[in-house]
Amino acid sequence: MQIRKSILVILDGAGDRANEKLAYKTPLEYASTPNLDSIAKKSMVGLMDPIAPGIRAGSDTSHLNILGYDPYEVYTGRGPFEAAGLDMDLKPGDIAFRCNFSTVDENLVVLDRRAGRIKEGTRELAEALNRMKIEDVEFFVKEGVEHRAALVMRGPGLSPFVSDVDPHEKGVKIHEAKPLKEVAQKTARLLNLFVKKSYEILKEHPVNKRREAEGKLPANILLPRGAGMAPHLENFQKKYGMKGACVVGTPLIRGICKMVGIEPIDFSGATGSYDTDMRGKFDHAVKALRSYDFVLVNIKAPDIAGHDMLPQKKVVVMEKIDDAVGHLLEIIPEDVVVIITADHSTPCTVGDHTGDPVPILIYAADTRREGEEFNEISCAKGSLRIRGKEVMRILLNITNRAEKFGA
Ligand code: ZN
Ligand code: ZN
């Protein structure tokens with residue numbers, strides 16, 4: 001049996017519902033997608049429940065499930081994956097948060113959750129807080145894009161069950177982190193001390209003095225949210241015998257990949273936004289296939305259009321993706337397995353993730369050819385009706401890597 005390489009393309013939030021503005025078609029159904037349709041014709045197709053029927057999957061829990069890591073076992077919050085996405089070093093048992101650099105007044109009332117969308121200087125601000133030690137717990141801080149950052153707590157007796165400090169609105173006082181379980185008392189207490197300390201340090205920081213002199217809002221506090229515990233995750237290569245790489249724009253998905261040992265291939269065109277260089281993503285993915293067995297590509301734009309509730313925009317996004325898929329089909333070596341699906345539906349009628357199943361196609365030179373078009377309605381006529389956790393098992397079979405069960 002010829003062992004094959006594979007590429008798994010996840011069109012983030014691409015699944016949708018019938019939309020009145022599109023003559024009651026879904027955006028994917030309405031869009032003109034000749035390239036996706038041409039590969040669907042040579043593929044097995046069907047519908048996939050990213051986690052289980054009716055479960056509204058997050059991007060993180062869905063990607064974990066699709067990669068074969070049970071989110072019900074390993075997921076307590078998105079913090080650790082965000083932190084890993086910023087290249088922070090995480091050890092199992094660390095507690096991590098996503099954070100904003102924000103602006104508060106002297107009573108700790110939030111004036112701006114994003115500190116005037118600060119663009120520069122957050123590296124210095126993060127550095128001023130990094131490696132702080134309170135009692136026996138160490139705090140690590142790393143800046144992200146604009147006002148975003150991540151925080152990691154490391155020490156004995158910590159728990160992820162603490163509430164957010166970020167009040168998620170302005171004009172109100174920052175929240176005290178509260179223990180959601182008895183075991184989290186220490187974590188909540190030390191986190192609150194750290195946040196107060198961040199205010200004391202940041203309000204005097206030269207970066208903020210300069211900002212104030214320029215009439216800008218100071219980034220004078222760090223507000224954590226989304227606590228989670230870094231899980232132990234079996235290494236991807238050990239689990240599947242495939243060396244994995246990924247081309248993704250969003251730190252959250254990049255972080256999931258890093259934590260399982262799938263290597264991120266970074267390039268400046270992968271923005272995780274509408275303007276992402278989709279053809280460039282596939283160029284990098286195909287190049288990566290020379291030295292890796294498996295490449296994950298995530299394209300975030302459909303999800304954004306879904307959250308923005310813009311069906312026409314989502315149609316345009318799908319057509320742009322189709323153009324990039326056409327490019328992929330031209331450059332991809334023969335006999336590479338291609339799987340195209342979504343991590344969840346983000347219907348434009350809802351503006352958030354829903355539990356509707358998503359279309360999936362699985363292509364190899366010799367797969368059963370049963371598809372017609374790549375969309376929710378056409379793929380529903382195919383043979384597959386699967387869950388996210390079954391994708392890797394099917395991939396191992398189609399790439400001729402699966403172990404035989406029995407004689
Ligand atoms: Zn998603
Ligand atoms: Zn989303």
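**Zinc sites, cores and domains**

Reader: What arrangement do the four donor atoms around the zinc ion (ligand 2) make?
Author: Donors are N, O and S atoms within 2.8 Å of the metal (3.2 Å for Na, K and Ca); water is not among the atoms, so sites may look incomplete. Four donors count as tetrahedral if all angles lie between 85 and 135 degrees; four count as square planar and six as octahedral if opposite donors are over 155 degrees apart and all others between 65 and 115, and anything else is irregular. Around the zinc ion (ligand 2), the four donor atoms subtend angles of 55 to 142°, which makes the arrangement irregular.

Reader: Thanks! What kind of model am I looking at?
Author: Residues are numbered from 1 along each chain as its sequence is written, while chains are lettered from A and ligands numbered from 1 in the order in which they are written. Side-chain values use heavy atoms, with hydrogens and water left out; local features need pLDDT of at least 70, side-chain atom pairs count only at pLDDT 80 or more, totals for chains, interfaces and linings use all residues, and the model itself is predicted.

Reader: Which residues coordinate the zinc ion (ligand 2)?
Author: Their spacing in sequence is D-x3-H-x45-H. Asp-303 lies in helix H12 (residues 301-307) and His-353 in the loop between strands E12 (337-341) and E13 (358-363), so this pair ties together parts 50 residues apart in sequence. Helices (H or I, at least four residues) and strands (E, at least two) are DSSP runs, numbered from the N terminus. At 2.0 to 2.5 Å, the coordinating atoms come from Asp-303 (OD, listed twice), His-307 (NE2) and His-353 (NE2).

Reader: And what is the arrangement at the zinc ion (ligand 1)?
Author: Its protein donors are Asp-12 (OD), Ser-59 (OG), Asp-343 (OD) and His-344 (NE2), at 1.9 to 2.1 Å. The angles among these four donor atoms are 102 to 124°, and the site is tetrahedral.

Reader: How many residues apart in sequence are the parts that Ser-59 and His-344 tie together?
Author: Along the chain, the donors of the zinc ion (ligand 1) are spaced D-x46-S-x283-D-H. Ser-59 lies in helix H3 (residues 59-66) and His-344 in the loop between E12 and E13, so the residues apart in sequence number 285.

Reader: Are Ser-59 and His-344 buried or exposed?
Author: Buried means under 20% relative accessible area, exposed over 50%, and partly exposed in between (1.4 Å probe, protein chains only). Ser-59 and His-344 are both buried.

Reader: What distance separates the zinc ion (ligand 1) from the zinc ion (ligand 2)?
Author: Asp-303 and His-353, at the zinc ion (ligand 2), are buried. The two zinc ions are separated by 4.7 Å.

Reader: Which helix gives the most to the largest nonpolar core?
Author: A nonpolar core is a set of buried Ala, Val, Leu, Ile, Met, Phe, Trp, Tyr and Cys residues joined through side-chain atoms within 4.5 Å. The largest has 91 residues, and those touching the most other members include Ile-7, Phe-236 and Phe-294. With seven residues, the helix that gives the most to this core is H13 (residues 311-331).

Reader: Where does this core lie?
Author: The protein is divided into domain 1 (6-75 + 232-398) and domain 2 (82-228), with bounds from an automatic or database domain assignment. Both give residues to this core, so it lies between domain 1 and domain 2.

Reader: How far apart are the C-alpha centres of the domains?
Author: Seven residues of domain 1 are in contact (heavy atoms within 4.5 Å) with six residues of domain 2. Between the C-alpha centres of domain 1 and domain 2, the distance is 33 Å.
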